[in-house]
Amino acid sequence: MTRPVNRPPAVAGQHRPPDEHPARPDRKKPPEKPGIEDHMLLLLALAAVVVVLAFTAMIVLTALGGGTDYVPWNG
């Protein structure tokens, strides 16, 4: 890397010229946020839990209401 000859080296404690500052991220560009595609597995698991809880609640409420205790998977 070459140094410009028309400028003396910076003394300790002085600010460096703008072209010698390390690269900074573009402040105009917002940070990337994860989209729905990144959370698809979590959303599918949440939907499955909601469906299982709904069916369990239907069976429990039917039994508590005096209906049958029929559970489809205990044939």
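## T62 and its contact with M58

In this predicted model, T62 has a relative accessible area of 40% and is therefore partly exposed, since that class lies between the limits of 20% for buried and 50% for exposed residues. T62 has its place in helix α1, and a polar atom of the T62 side chain lies 2.7 Å from the backbone oxygen of M58.

## Helix α1

The protein has one helix and zero strands. Helix α1 takes in residues 40–64, 25 residues in total, and the distance from its first C-alpha to its last is 36 Å, which is close to the 36 Å expected at 1.5 Å a residue. After α1 comes G66, a residue whose phi is positive, near 95 degrees.

## L43 and the nonpolar patch

L43 also has its place in helix α1, and because its relative accessibility is 38%, L43 counts as partly exposed. On the surface, L43 joins I36, M40, L44, L46 and V50 in making a nonpolar patch of about 560 Å².

## Exposure of the whole protein

Of the 75 residues of the protein, 1% count as buried, a class that requires a relative accessible area under 20%. The protein exposes about 7500 Å², and carbon and sulfur atoms supply 66% of that exposed area.

Methods: Residues numbered from 1 in each chain as written. Predicted model: local features only at pLDDT ≥ 70, side-chain atom pairs only at ≥ 80, totals over all residues. Heavy atoms only, no water. Helix = DSSP H or I, 4+ residues; strand = E, 2+ residues; numbered from the N terminus. Expected span 1.5 Å × (residues − 1). Patch = residues over 30% accessible without salt bridge, like charges linked within 9 Å, V, L, I, M, F, W, Y side chains within 5 Å. Areas by Shrake-Rupley, 256 points an atom, 1.4 Å probe, with all protein chains shown as cover. Salt bridge = Lys/Arg side-chain N within 4 Å of Asp/Glu carboxyl O. Buried < 20%, exposed > 50% of the residue type's maximum accessible area, 1.4 Å probe, protein only. Polar contact = N/O pair within 3.5 Å; in protein donor to acceptor, adjacent residues only side chain to side chain.
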